[in-house]
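Work through the exercises below with the sequence and the 3D view at hand. Each task is followed by a solution in steps.

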Amino acid sequence: MTEMNLVQALNLGLSQAMEADPSVMILGEDVGLNGGVFRATEGLFQKFGPERVVDTPLAEIGILGASMGLAMNGMRPVCEIQFDGFLPSVLDQVVCHLGRMRNRTRGRYSLPLVLRAPHGGLIHAPEHHSEAPEAYFCHTPGIKVICPSTPQDAKGLIQAAINDPDPVVFFEPKALYRAARGPVPHEPYEVPIGKARVAREGGDLTFISWGAMVETCLAAAERLGQEGISAEVLDLRTLAPLDLEAILASAEKTGRVVIAHEAPNAGSWAAEISALIHERALLKLQAPVRRVGSWDIRMPLFRLEKYYIPDADRVVEAAKKTLSF
């Protein structure tokens with residue numbers, strides 16, 4: 001085990017995937033000589049050369065379009081979109097082609113590519129740099145969607161995503177890129193796609209979250225623990241497919257659920273999770289499932305982002321309302 005932050009773990013995972021399989025390549029803006037805007041690809045251009053680490057023009061549509069063509073012809077491209085707020089320009093390709101190719105060709109072609117993008121806010125970035133657009137992609141059949149919260153999971157999940165035979169959208173919580181370090185095995189390994197983890201055991205209430213909000217939920221659970229309230233924290237890791245078995249097991253265990261996330265509440269992926277819990281575990285619930293998301297407005301400029309994205313205070317407040325129902 002080596003102590004690493006999340007971006008270092010991703011870098012190692014990408015490097016080992018490229019060592020293991022010569023068909024793995026990286027495309028994106030500034031991913032080569034500069035090593036990426038967050039340095040996730042630092043050193044890979046020097047190690048694997050310009051034919052496998054390709055600096056592209058500032059054209060997100062071109063990055064994904066080229067990656068789909070490469071994937072159809074035997075390569076395993078990992079393409080990087082610099083910020084999640086730039087993803088809308090590729091939605092047409094994602095919805096109309098990326099998620100449909102296997103079905104459209106009756107299984108003759110799959111698209112084994114990974115679309116990486118930083119996710120969420122809290123780094124004081126300008127407009128279009130701090131979005132949380134996971135619901136758009138979770139709603140698209142044929143796409144797997146991942147959002148890790150620890151360095152160890154980030155390395156194992158990026159390697160699982162690269163080895164997956166179908167397209168994966170890989171969101172990386174930018175607030176956690178360098179915020180904390182954790183133990184990461186050096187040898188290659190995979191964390192299974194579609195499996196959640198219990199980040200903290202508890203019996204009175206369940207927090208369900210993903211990405212950077214897992215840390216916020218853990219902080220809220222710690223504060224509740226000081227008041228004698230035992231909160232469980234479920235880190236989904238994968239948003240599509242959902243680990244419904246783990247979600248229902250925790251919901252039935254505690255009977256009270258709060259889902260916390262960075263995206264606006266209206267139409268969020270939390271709404272789908274809440275509906276599934278109510279449909280499948282209603283008689284086990286002691287209170288309605290509560291959602292804690294950002295406000296239903298556009299992402300504000302950075303001076304207001306801490307009032308927009310839920311913090312531990314808002315999560316604790318939601319928990320206490322759920323407990324007092």
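**Exercise 1.** Which residues does Leu236 touch, not counting residues up to four places away in sequence?

Solution. The model is predicted, so local features need pLDDT of at least 70 and side-chain atom pairs count only at pLDDT 80 or more, while totals for chains, interfaces and linings use all residues. Residues are numbered from 1 along each chain as its sequence is written, and side-chain values use heavy atoms, with hydrogens and water left out. Contact means heavy atoms within 4.5 Å. By that rule Leu236 touches Lys195, Ala196, Ile208, Ser209, Trp210, Leu242, Ile247 and Ile273.

**Exercise 2.** Place Leu236 in the largest nonpolar core.

Solution. A nonpolar core is a set of buried Ala, Val, Leu, Ile, Met, Phe, Trp, Tyr and Cys residues joined through side-chain atoms within 4.5 Å. Buried means under 20% relative accessible area, exposed over 50%, partly exposed in between (1.4 Å probe, protein chains only). The largest such core has 47 residues, and Leu236 is among those with the most contacts inside it, as are Val145, Ile208, Trp210, Ile273 and Ile277. Helix α10 (residues 269-281) gives the most to this core, six residues; helices are DSSP runs (H or I, at least four residues), numbered from the N terminus. A second, separate core of 37 residues includes Ala9, Val78, Ala160 and Ala212.

**Exercise 3.** Is Ser274 buried or exposed?

Solution. Ser274 lies in helix α10. Ser274 is buried because its relative accessible area is 9%. Beyond residues up to four places away in sequence, Ser274 touches Ile259 and Val289.

Notes: Helix = DSSP H or I, 4+ residues; strand = E, 2+ residues; numbered from the N terminus.
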